[in-house]
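Welcome, and thanks for taking a look at this one. Here is a short briefing to read alongside the sequence and the model.

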Amino acid sequence: MTFHELQISEPILKAIDAMGFVEPSPIQREAIPLLLQGENVVGQAQTGTGKTAAFGIPMVEKITQQRAPQGLILVPTRELAIQVSGELQKMAQYKKWIVILPIYGGQSIERQIRSLSRGVHIVVGTPGRVLDHLERGTLHLDGVTFCTLDEADVMLDMGFIDDVRAILTRVPDTAQKALFSATLSPEIKTLIEDFVQNPRFVTIPHRELTVPNISQFYYEVRETEKPQALTRIIDYYNPHQTVVFVNTKVRVEELKEKLHAAGYEVEALHGDMKQTQREFVMKRFRAQHFDILLATDVAARGLDIENIDLVVNYDLPQDEEYYVHRIGRTARAGREGTAVTFVTLREIKRLKEIERYIKTKLQRRRLPTLQDIEKIQTQAILDEIASTIEEGGLERYLDILTEGLSHYDSVDIAAALLKMVMGEPEQESLSSEEESPTVRLFLTIGRESVDIKGLLAWISEMTGIRSQELGRITMREGFSFVDVPREKLENFLVRLDRQKYKGKTVRVEIAREKNKSRE
Ligand code: AMP
């Protein structure tokens, strides 16, 4: 299923694509259509399931140009307020007029009042601070048409129940409501009864929840492009500390060389190193002397470091159990983490086996492009500039500029500085980026056993894929080629490979260049 099938408008589809989402997650598939139809929704889902987009996409869809808070999102913590507002900002990147404001305790209230008075469309706030603004009269909720409670269970655990109730009584009865919570305790149920009329319940089957706090993604890459894909991932996620799992020590060493050459500080950990050497590397990693560790499975045993926020499976693990062990290196001590897995087309089936073992589906993502990375890095610099301005203490520098560069325009000076800080944009692009819409498959069944009509009928019966959906088909004695749309590939492989046609086992493989030329 694609996002196109969810009745989402063009600017938001464009944003979703820019965010690298390829297909909706289960909670998104269920919740988005309901919310777009105006239903109230209660979703039982944890972090990592894609719940933010599940309510964020419909909310951003529904906001009108009128400058009054129309969307209200209550979240338990300051971090979540910033994160959710950032995520919504990205969803609204092609509806630039939408103003989204995070408000939370600890931030200057005057600044928030100023921003609120300029007019906002969506407020993402912690209950205490939202209530504070309501009582001061600096925030009004009469225009709210869509209200979301995110991580409702955590808000209640943190003792915000009275604040939440006080806020909800000021939200118009007509407003649409969405409530997300990992658990549905009796207290939450009462809250739902009091404030959410006729809710539709959306529950993510328990198996989706096996690894809380870890977002798991996979990227389709070519073997030869893995090093560049890795540097892109690191530049894009900008993690504090990363562990990259590589299947052999030879590959670890090769990758280390490549990353050094590209200017990344990395160290390696593998079974050939002496115990004392290994301990030394781990100690330096723990002390954050470097932030990317390349490791083999054996060497990483017992690696227990709290700050690892990104795990990369540079190679698909040889054993399902290793996958679980590897990704468990992140999200320690209740933190959140991301696990990214590189998969070549040929390994898709292997990935499905791992998914079956861990009872969780990995979300496919598109590799970040150089533009995506530049955008993220630019935003980080702009944020830093803004907070430096807010901090003040610029007099000394203003003096230097007015003396030294008085005949230049101040915006030109700022642009020149930005150019110096950012450097020239990179150009190189990866072929994995230009994903072809179809994949050519090689089937070990040909004209000797079936004609084209029979083959198509069998494919349709086994996979549900109709002949109109398939591309070019070539049949020979003993084998055939079939072009399959990229989004049907997994279905095709899983349902057809090693199945029997009239007693004969048929193998399905991704066609190799060599095979293609045999046509
Ligand atoms: P959440 O559960 O909302 O905290 O989302 C967890 C992570 O998954 C975030 O980094 C999202 O950007 C990402 N995400 C959400 N939906 C999708 C999707 N459909 N495809 C890929 N990534 C997603």
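## Strands, sheets and a ligand

V244 has V312 as its bridge partner in β12. Please keep in mind that this is a predicted model. The notes below start from that pair, move on to the two sheets and end at the ligand.

**The sheet that holds β9 and β12**

- The pair V244 and V312 belongs to a wider match, in which strand β9 (residues 241-245) and strand β12 (residues 308-313) run parallel and share five bridges.
- Both strands sit in an open sheet of seven strands with parallel pairing, and the order across it is β10-β11-β9-β12-β13-β8-β14.
- At the edges stand β10 (266-269) and β14; each has a single partner strand, so one side of each has no neighbour in the sheet.
- From one strand to the next, the twist averages 25°.

**The sheet that holds β3 and β4**

- Another open sheet also has seven strands in parallel pairing, ordered β3-β4-β2-β5-β6-β1-β7.
- Its edge strands are β3 (100-103) and β7 (200-203), and each of these pairs on one side only.
- Neighbouring strands here are turned against each other by 15° on average, with direction ignored.
- At the β3 edge, four bridges connect β3 to the parallel strand β4 (residues 122-125).
- Within this part of the sheet, L101 faces V123 of β4.

**Polar contacts of the ligand**

- In the side chain of T52, an N or O atom lies 2.5 Å from an oxygen atom of the ligand.
- Q363 offers a side-chain N or O atom at 2.8 Å from a nitrogen atom of the ligand.
- For R365, a polar side-chain atom is 3.0 Å away from an oxygen atom of the ligand.
- On its own the ligand has 490 Å² of accessible area, and the protein covers 90% of this.

**The shell around the ligand**

- Three elements give two or more residues each to the shell: α3 (51-62), β8 (214-220) and β14 (363-365).
- The ligand has 17 residues around it, and those that come nearest are E23, Q28, G48, G50 and T52.
- Sorted by class, the shell is made up of nine polar, four charged and four nonpolar residues.
- Where does the ligand lie with respect to domain 1 (3-203) and domain 2 (214-368)? Both domains give residues to the shell, so the ligand lies between them.

Key:
Residues numbered from 1 in each chain as written. Predicted model: local features only at pLDDT ≥ 70, side-chain atom pairs only at ≥ 80, totals over all residues. Heavy atoms only, no water. Near = heavy atom within 4 Å. Polar contact = N/O pair within 3.5 Å; in protein donor to acceptor, adjacent residues only side chain to side chain. Areas by Shrake-Rupley, 256 points an atom, 1.4 Å probe, with all protein chains shown as cover. Nonpolar A, V, L, I, M, F, W, Y, C, P; charged D, E, K, R; others polar. Domains from an automatic or database assignment. Pairing = 2+ DSSP bridges. Axes fitted to C-alpha atoms, helices over the stretch in contact; angles between N-to-C directions.
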